[in-house]
Amino acid sequence: MTITDVARHAGVSTAAVSKVMRNAYGVSPAMQDRVRTAMAELGYRPHAAARGMRGRTYTIGVLLDNVRNAFFADILDGIHQELEDSEYTVLIGAAGFGPDEQARTIRSMVDRQMDGLVLIAPGTPRAEVLSTAAVTPTVVIGHHDTSEVHDSVVDADDLGAALVVDHLVSLGHRDIALISAAGSRTSRWQRTPEIVLAEGYLRAMERHGLADRARVHHAAYTDEGGRTAGIALLSGNDRPTAILAGADVAALGIYRAADELGLSIPKDISLVGYNNTAIASLAPVQLTSVDQAGQTMGAAAAKMLIERVEGRRDRSMQTTMAPRLIVRRSTGAPRA
């Protein structure tokens, strides 16, 4: 089945079919319906490589480091919802945490002529992302660094941290610890989510006169990372009375650590997560968490990316989400 067959079946020229397939400007809705109906009736599916030679493949690549992080699922839902009525197909690259693996995955997406990329908190060196974005439309989710070549979607992480500290202080807590991802100095990103989160936490602790009690413990945003950090923080005599984990998935690991140590949440330790993923609201968990509106972030990223891919905007922009604290049963007053 060829484009000529589609044109003959629809009673239009091959040029008209080509314009519909390219979403070219000026094609009437009636022509769109006529051609797409013919394509459906004939079972015609354009060859991706051939479409790429004509300038577009209608594929969007999404890079993430960890498929077990439920927050990424929220972002992917938002991307899908934004693109579900379009011709674009989303392909996921789960590259792991290593910067070299991530860079290799990004290059593979570019080599396969994907029309645009969404990079979720990339650990890839910033210089490589900038060089990629200079030739392939790119949206970075999470990192606060601005650029003239890529768009970005971020959460006001400093405000999110302040919401948590204010909440915990209002309950009577003074010894509040933060578990945050370590990040990588070699990546040259100056404003990663964990950096901005830590800044907001430290400023909030200082505002409440608690700067001398502030503790930032670095751990991977995984269940095991949270467990290891939880064991380290909760085993000593000077354990904090409350912990903010920079991701819900790490907070779940702290639950495990507390259970292993015979501690109860929130009776012995108050716990707050970040992302407000679906698991946070489950009855056995009931995790207080900061809502970043993951689906909205994903939808915003997809919309911004398609604007760049289709040439409707040529200036970069950054969209910022306002965080909300969702209070559940994992936080309470500290023991007297």
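1. In which sense do strand β10 and β12 pair, and over how many bridges? In this predicted model, β10, which spans residues 288-291, pairs with β12 in the antiparallel sense, and three bridges join the two strands. One residue pairing can be named: Asp-291 has Arg-324 in β12 as its bridge partner.

2. The pairing of β10 with β12 belongs to an open sheet of six strands, ordered β7-β6-β8-β9-β10-β12. The pairing within this sheet is mixed. The edges are occupied by β7 (215-218) and β12 (324-326); each has a single partner strand, so one side of each is left without a neighbour in the sheet. From one strand to the next, the twist averages 20°.

3. Helix α11, comprising residues 248-260, lies across four strands of the sheet, namely β6 (176-180), β8 (242-245), β9 (270-275) and β10. Relative to β9, α11 runs at about 155°.

4. Two packed helices are described by the angle between their axes and the distance between the axes. For helix α10 (residues 223-234) and α11, the angle is about 45° and the axes are 6 Å apart. That angle makes α10 oblique to α11. The crossing in which α10 passes α11 is right-handed. On the α10 side, the contact is made by Asp-223, Glu-224, Gly-226, Arg-227, Gly-230, Ile-231 and Leu-234. The α11 side contributes residues including Val-249, Leu-252, Gly-253, Ile-254, Arg-256 and Glu-260.

5. A further helix pair consists of α5 (residues 70-83) and α12 (residues 294-309), whose axes come within 6 Å and cross at roughly 45°. The two helices are therefore oblique to each other, and α5 passes α12 in a right-handed crossing. Among the α5 residues that meet α12 are Phe-71, Asp-74, Ile-75, Gly-78, Glu-82 and Leu-83. Their counterparts in α12 include Gly-294, Met-297, Gly-298, Ala-299, Ala-302, Lys-303 and Ile-306.

6. Is Asp-115 buried or exposed? This residue lies in the loop between α6 (99-111) and β3 (116-120). Asp-115 is buried because its relative accessible area is 10%, which falls under the 20% cut-off. The side chain of Asp-115 reaches the backbone nitrogen of Tyr-58 at a distance of 2.4 Å.

Note on methods. Residues are numbered from 1 along each chain as its sequence is written. This is a predicted model: local features need pLDDT of at least 70, side-chain atom pairs count only at pLDDT 80 or more; totals for chains, interfaces and linings use all residues. Side-chain values use heavy atoms; hydrogens and water are left out. Two strands pair if DSSP finds at least two bridges between them. Axes are lines fitted to C-alpha atoms, for helices over the stretch in contact, and angles run from 0 to 180 degrees between N-to-C directions. Contact means heavy atoms within 4.5 Å. Buried means under 20% relative accessible area, exposed over 50%, partly exposed in between (1.4 Å probe, protein chains only). A polar contact is a pair of N or O atoms within 3.5 Å; within protein, one must be able to donate a hydrogen and the other to accept it, and residues adjacent in sequence count only if both atoms are side-chain atoms. Angles under 35 degrees count as roughly parallel, over 145 as roughly antiparallel, 65 to 115 as roughly perpendicular and the rest as oblique. A crossing is left-handed if the near helix is turned anticlockwise from the far one by less than a right angle, and right-handed if clockwise.
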